[in-house]
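Hi everyone, thanks for coming. I'd like to walk you through one model today, so please have a look at it with me.

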Amino acid sequence: MASRRDFLSQPAPDNYVAGLGRGATGFTTRSDLGPAREGPSEDQIKAAVAKRSAQLGLTEAKDDDKEDEERYQDPDNEVGLFAGGIYEKDDEEADRIWKDVDDKMAKRRQKQREARENAERDEYERQNPKIQQQFAGLKRALETVTDEEWANLPDPKDLTGRTKRARQERMQRFYAVPDSVLAAARDQGQFGTTVADDSGAATEGGDRDGTVTDFAKIGAARDKVLRARLEQQSQSSGIATAGSATSIDPKGYLTSLSSMQGAEQSIGDIEQFRKMLKSAVDSNPKQAASWIAAARLEIAAGKPGAARTLIAKGCQHCPKSEDIWLENIHLNDNRNGKVIAAQAIQANSHSVKLWVEAMKLENDQRSRKKVIRRALDHNPESEALWKESVNLEEDPADARMLLAKATELIPESLDLWLALARLETPENARKVLNKAVKKLPSSHELWIAAARLEEQIGEGARRPVMKNAVKFLAKQNAMPKREEWIAEAEKCEEEGAVLTCSNIIEETLGWGVDEDDDRKELWMEDARASINRGMFATARAIYAYALRVFPTSKRLYLAAIDLERNHGTKDELWRALEKAVEACPTFETAWLMLAKEKSSDLNEARLVLARAFKQNPNTEDIWLAAVKLEADNGFTDQARELLKTARQNAPTDRVWMRSVAFERQLGANDAALDLVRDALQIFPDRPKLWMMKGQIYEDLNAPAQAREAYSTGVRAVPSSVPLWLLYSRLEERSGNVVKARSVLDRARQALWTELIRVERRAGNLNQAKTLMATALQQMPRSGLLWAERILHLEPRTQRKSLITEAIKKVEDDPALQVTAARILWAERRLDRAQSWFERALLLDRDVGDTHGEFWQRVAKDPRNAGKGTEEVLMLVAAELS
């Protein structure tokens with residue numbers, strides 16, 4: 001008991017916290033700047049109590065190492081449960097089925113999902129543009145910088161470095177040093193080489209203080225400075241010095257030397273490269289790339305002899321490298337190259353490249369064949385050597401023998417099998433392809449070659465080769481994707497095998513495409529892609545297959561018809577139209593197109609329209625097409641009867657308007673007036689009927705009745721701009737400018753331009769300019785108003801500046817484009833004027849001003865009915881002149 005230490009002398013137990021028993025976990029004194037550290041957490045307290053209890057023997061200690069090892073195991077990972085199972089074909093089939101299900105689920109709504117993701121990404125990029133996008137405009141502006149401007153740009157100044165150096169210079173302080181300090185520093189460590197005499201005088205050549213100049217140390221210091229500069233230069237270029245371990249990339253030097261060929265290199269650069277490559281060769285002489293780089297450097301320096309010497313040494317150090325042997329052969333002439341090739345092949349008898357290079361060194365065919373055959377003795381399974389051997393043969397029989405032997409030795413070579421099949425007769429070619437399919441069951445190219453063979457011998461329609469191919473490849477799980485089949489079909493079309501191309505599309509286009517997918521859109525996209533690539537037979541086959549799946553799709557028929565119209569023959573177009581009207585008898589567009597295509601033969605066109613009437617008895621388009629056919633061929637009575645029947649069976653506004661226009665063209669204004677009166681009783685809200693009525697009265701020289709017709713028409717249809725214009729122009733031609741002005745005032749919001757033209761034609765330019773200013777305030781982006789101002793209200797000298805200002809304010813307006821073209825036209829700059837006219841046509845082909853401001857009025861004049869486009873164009877040109 002006496003040896004037991006007292007309580008206070010005993011060490012504290014593990015995890016002991018002072019004051020924990022009475023609940024004190026920390027305290028703060030006045031000297032503390034903050035609270036004391038926090039006490040242990042509840043989990044730590046429980047762990048400490050459990051450990052202390054286990055030490056005292058009150059509880060059993062828990063072995064932490066024997067925790068449940070499987071509590072962190074993934075419940076979806078069944079490796080432990082099925083670790084001893086066997087992976088059979090059923091498991092493989094199940095995995096493949098589940099993979100197909102996953103792929104199908106992933107393809108659902110793929111287009112919509114991708115479109116949504118693209119839209120979200122575009123919106124994010126628009127709201128958060130990159131710095132590169134913000135400066136894209138400035139980068140494009142650099143295209144206008146000339147070479148002189150670029151060369152005259154001042155060099156940027158190092159303002160930061162200059163400021164730093166100036167600050168350091170300001171902080172420097174200089175003090176005068178006594179001469180004794182300098183002398184002591186000079187004499188420190190110096191040893192004299194002479195002995196002074198008793199009188200204290202030094203020997204000849206020495207100083208009075210007994211020291212002399214040490215030239216050895218001066219030379220050592222110079223060498224040290226030079227070495228430091230060389231090391232600094234080598235480190236800045238990323239290359240280690242010659243005396244240390246090399247860090248040269250020989251392959252990189254091959255690239256740099258090849259780029260150095262066309263440039264003049266200074267002697268210093270060549271010497272530097274030579275030293276670095278010598279270091280690389282000395283440090284690792286077994287690396288062939290270093291020797292090749294060193295030899296190419298000597299070639300660039302104009303020393304072919306040194307290059308050949310270096311590459312010969314490299315061949316001695318790297319005899320198993322075919323690249324260095326090839327380089328050695330290329331650096332020597334033909335005679336020495338043969339010797340070097342023999343040495344190379346002796347060291348690398350299985351190198352195909354060396355054998356081929358040796359063959360190329362021979363001058364006659366016999367020697368080349370001899371070399372290739374010796375190469376095949378050493379490399380009988382080299383596909384490249386067999387191909388070279390076959391190419392050297394001039395007799396097809398000998399080539400067939402070689403290919404037969406090659407396919408026996410290399411049965412997995414697809415190219416050799418196809419070459420052998422091309423050289424055989426049709427019967428033997430079938431046998432060859434059958435053997436090839438057994439050796440290469442997953443190759444679809446063999447089946448395509450078989451289909452092309454059947455097409456060549458005229459059996460392509462009778463033998464379903466591609467149908468059998470699809471079954472066989474699907475059984476072998478080697479079926480390519482739909483896109484790959486389309487590419488193969490296009491390849492066949494390009495090589496002239498159109499029937500094989502069609503068979504491929506017919507048997508494979510629907511592969512892997514489910515009914516849930518948007519098959520029609522997918523196939524139409526495939527056809528459009530083939531058309532863009534110029535593969536029209538492939539697109540034709542795609543449309544044919546799609547129409548068999550969707551036999552009543554009008555969109556597909558229109559796409560197929562458009563393909564035949566643009567890229568097919570007239571017979572193919574007729575066949576496509578016939579298929580369309582047979583499959584869709586109510587397809588009015590197809591009937592009209594077929595009748596138009598047959599219009600060269602009147603009887604055939606009448607038969608087509610008769611069939612169309614039978615299927616579509618009350619369709620106005622077909623009635624009007626029949627009327628046009630009869631009228632164009634001069635059968636006016638038949639056309640009039642057809643129109644009468646059409647007004648009874650299909651009394652639409654278009655039929656009535658066509659009837660009125662037909663009578664006007666024939667000069668029967670009274671009959672046309674009766675028809676238009678009857679039509680207005682049925683269709684009082686059609687502005688064109690009111691316009692036709694007023695024009696008929698104008699033709700009859702009855703301005704009062706025409707004025708009444710226009711006045712009634714604008715009250716019935718106040719939103720018709722052409723009707724207002726006809727009304728105002730009638731008053732203007734009658735000399736009633738005030739009345740014309742009042743008419744246009746009633747339609748001011750829609751007719752600003754015409755109002756300004758009235759004032760201009762009346763000679764009131766100031767009033768026209770005032771109206772233009774008001775109009776541009778209300779409609780600053782009206783291209784028509786800008787065009788009127790530029791052409792008629794401003795001086796000719798201001799046209800260019802105004803057109804530039806207008807184009808900046810009104811982008812992509814066809815009226816402004818036409819105005820710019822007319823300005824250039826007036827200046828006789830015809831090429832640029834034509835480009836502006838074409839630009840306006842691209843913006844909107846329906847704007848009549850683009851084709852000529854007076855085209856509509858001249859073309860629709862009844863006196864010009866029946867005239868062709870060229871005749872109307874000449875009339876418009878005459879009126880403009």
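Let's begin with D91, which is partly exposed, with a relative accessible area of 32%. For that scale, buried means under 20% relative accessible area, exposed means over 50%, and partly exposed is in between, with a 1.4 Å probe and protein chains only. D91 sits in helix 2, residues 89-107; helices (H or I, at least four residues) and strands (E, at least two) are DSSP runs, numbered from the N terminus.

Before I go on, a word on the source: this is a predicted model, where local features need pLDDT of at least 70 and side-chain atom pairs count only at pLDDT 80 or more, while totals for chains, interfaces and linings use all residues. Residues are numbered from 1 along each chain as its sequence is written, and side-chain values use heavy atoms, leaving out hydrogens and water.

Back to D91. Which residues gather with D91 in a patch of negative charge on the surface? They are E88, D90, E92 and D95. Patch residues have over 30% relative accessible area and no salt bridge, with like charges joined within 9 Å and nonpolar side chains (Val, Leu, Ile, Met, Phe, Trp, Tyr) within 5 Å. Asp and Glu count as negative and Lys and Arg as positive, with His and the chain ends not counted. The place of a charge is NZ of Lys, CZ of Arg, CG of Asp or CD of Glu.

There is also a nonpolar surface patch of about 420 Å², made by I97, W98, V101 and M105, and M105 is in helix 2. Areas here come from the Shrake-Rupley method with a 1.4 Å probe, and for residues only the protein chains shown count as cover. E93, R96 and D100 are linked in a network of salt bridges, a salt bridge being a side-chain nitrogen of Lys or Arg within 4 Å of a carboxyl oxygen of Asp or Glu.

Now the whole chain. We have 48 helices and zero strands, and buried residues make up 32% of the 881 residues. The accessible surface comes to about 57900 Å², with 51% belonging to carbon and sulfur atoms.

How many salt bridges does the structure hold? The total is 45. One of my favourites joins R611 and E578, with the closest N and O atoms 3.3 Å apart. R611 lies in helix 31 (residues 602-615) and E578 in helix 29, so this pair ties together parts 33 residues apart in sequence. Another links E393 to K369, with closest N and O atoms 3.7 Å apart. Here E393 is in the loop between helix 18 (383-392) and helix 19 (396-409), K369 is in helix 17 (residues 365-378), and the two are 24 residues apart. E393 counts as buried at 13% relative accessibility, and K369 as partly exposed at 22%.

Let me finish with two single residues. Is E731, in helix 38 (residues 721-733), buried or exposed? E731 is buried, with a relative accessible area of 1%. Leaving aside neighbours within four places in sequence, E731 is in contact (heavy atoms within 4.5 Å) with R707, N736, K739 and A740. K579, in helix 29, residues 570-583, is exposed, with a relative accessible area of 55%. Its C-alpha is 9.6 Å from that of A590, 11 residues apart in sequence.

That's my tour, thanks for listening!
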